[in-house]
Amino acid sequence: MRLLATIGALAIVFGIGCAVFFFGGYYNVAGTAEDPAVVTWALTKVRVASVNRHATENPPAPFGDDNMVQAGAKAYASNGCANCHGAPGVMWLKYSEGLHPDPPDLKKVAGDLSPAQLFWIIKNGINMTGMPSFAQAGAQDNEIWSIAAFVKKLPSVSEADYKSWTASAEPRK
């Protein structure tokens, strides 16, 4: 019984210490400050688990066909995705280097994510990463699916193809 009381008291002291640390302003929220490894680990685990749980929609029948991928490239360009993630022959803009965590190189992560996961992330965004919700920005599901199809194909898209597919893309207002 005494052991349980000691564990309970330590948990209360730890909780109060954490509250003072975070709510007292001692935790540095600056974008230039590296997160402690435990914070990075926890946020990554929470993000992955959340995406896995919520990404349940099935892609539409034409997912990945040439027309959808090309429409996705155009939507990717007009929605400003290349600003943070780059694109074939397009470097991301300098300000994206100030985002914390860094935006992922989609050519490297496209193979690790399912179409449903890509759709969910693009549609809903990711808190505390700078990734916006495209649905809240006005994108319709069919456009979001086309962007997901393009991102899935991104590792094999050439600079010339991307340039021709996006030649008439206008920035979204």
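Me: Contact means heavy atoms within 4.5 Å; which residues does Phe 134 touch, not counting residues up to four places away in sequence?
Reply: Happy to help: this is a predicted model, where local features need pLDDT of at least 70, side-chain atom pairs count only at pLDDT 80 or more, and totals for chains, interfaces and linings use all residues. Numbering runs from 1 along each chain as its sequence is written, and side-chain values use heavy atoms, without hydrogens and water. Phe 134 touches Asn 79, Cys 81, Ile 122, Lys 123, Ala 139, Ile 144 and Ile 147.

Me: Which helix supplies the largest share of the largest nonpolar core?
Reply: Such a core joins buried (under 20% relative accessible area, 1.4 Å probe, protein chains only) Ala, Val, Leu, Ile, Met, Phe, Trp, Tyr and Cys through side-chain atoms within 4.5 Å. This one has 26 residues, with Phe 134 and Tyr 76 among those with the most contacts inside it. Helices (DSSP H or I runs of at least four residues, numbered from the N terminus) H3, H4, H6, H7 and H8 each supply at least two residues. The largest share, 7 residues, comes from H7.

Me: How is H3 oriented relative to H7?
Reply: The axes (lines fitted to C-alpha atoms over the stretch in contact, with angles from 0 to 180 degrees between N-to-C directions) of H3 (residues 66–78) and H7 (residues 141–153) come within 7 Å and cross at roughly 100°. Since 65 to 115 degrees is the range for this class, H3 and H7 are roughly perpendicular.

Me: What separates the end C-alpha atoms of H3?
Reply: The expected span is 1.5 Å times one less than the number of residues. For the 13 residues of H3 that gives 18 Å, and the end C-alpha atoms agree, lying apart by 18 Å.

Definitions and conventions. Parallel < 35°, antiparallel > 145°, perpendicular 65-115°, else oblique. Buried < 20%, exposed > 50% of the residue type's maximum accessible area, 1.4 Å probe, protein only. Contact = heavy atoms within 4.5 Å.
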